[in-house]
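Reader: Got a minute to go through this one with me? Let's see it first.

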Amino acid sequence: MYDILILTGCIMKFIRSHIDYVSLIEQLKGYRNPRDKIKHLLKNQSLVRVKKGLYIAGDSQRQEPVCLEALANLIYGPSYISYEYALSYYGLIPERTPVLTCATTQKSKGFDTPLGCFRYQHLSFSRYSVGVLHNNQFLIASAEKALSDLVARQKLFSSKLTLHTYLVDDLRLESETLQNLDSSLLKEIASQYRNPNVRLLESL
């Protein structure tokens, strides 16, 4: 029991919030069978497997809350948080979104993990980087980028009015929020996106 506590403490000191398989094996190199030790740590919940090759400390061993947003960047990448989750994160839509939604340059994919559901939507390289922020912990779309990513996935809107109705009635954004969006950033995003819905959003 003592060696497990020391080991877990070493893992937390090494990475604090997450650890990959290679680093975990390195931490366990003093054991005769590192894979058996990993199985033991998983069984007693000192360690939790998020996905193949990615682990976090269990609840009883964790020194700080898991940052799900930072974890989302690690589960599948390159990726950044966007769509409904980003809008909820900023408090722009009232509903809390149970699924952590992201954009990625890889193919679309979903992960159901012990910490929740993570969904990744493919985005081309040309549309990917503009409007993405780094807050020292994770990559996330700006409000303007998250809205652009979201409306681009909808069926084509026939006019500014129908788009505005969708944003206010369906997404339940405040009209004041739309007025406070960065118009220059929206214009830059629209020039990269070249999508009719994003063009309409930029011209609201």
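Author: Helix 7 and helix 8 are roughly perpendicular to each other. Keep in mind that this is a predicted model.

Reader: What angle do helix 7 and helix 8 pack at, and how far apart are their axes?

Author: The angle is about 115°, and the axes are 12 Å apart. Helix 7 covers residues 143–152 and helix 8 covers residues 160–170. Angles of 65 to 115 degrees count as roughly perpendicular.

Reader: Is the crossing left-handed or right-handed?

Author: Right-handed, as helix 7 passes helix 8.

Reader: Which residues meet there?

Author: From helix 7, L147, L150 and V151. They meet L163, Y166 and L167 of helix 8. That contact divides into 6 nonpolar residues, no polar and no charged.

Reader: Switching to the sheet. What's the strand order?

Author: The order is 1-3-2, in an open sheet of 3 strands with antiparallel pairing. Strand 1 (19–20) and strand 2 (47–51) stand at the edges. Each has a single partner strand, so one side of each lacks a neighbour in the sheet.

Reader: How many bridges between strand 1 and strand 3?

Author: 2 bridges, in the antiparallel sense. Strand 3 spans residues 54–57. In that strand, L54 stands opposite D20.

Reader: Which strands does helix 3 lie across?

Author: Strand 2 and strand 3. Helix 3, residues 34–43, runs at about 100° to strand 2.

Reader: And why call helix 4 largely enclosed?

Author: Because 6 of its 8 residues are buried. Helix 4 is residues 68–75. The buried ones are E69, A70, L71, A72, N73 and I75.

Conventions:
Residues numbered from 1 in each chain as written. Predicted model: local features only at pLDDT ≥ 70, side-chain atom pairs only at ≥ 80, totals over all residues. Heavy atoms only, no water. Axes fitted to C-alpha atoms, helices over the stretch in contact; angles between N-to-C directions. Helix = DSSP H or I, 4+ residues; strand = E, 2+ residues; numbered from the N terminus. Parallel < 35°, antiparallel > 145°, perpendicular 65-115°, else oblique. Left-handed = near helix turned anticlockwise from the far one by under 90°. Contact = heavy atoms within 4.5 Å. Nonpolar A, V, L, I, M, F, W, Y, C, P; charged D, E, K, R; others polar. Buried < 20%, exposed > 50% of the residue type's maximum accessible area, 1.4 Å probe, protein only. Pairing = 2+ DSSP bridges.
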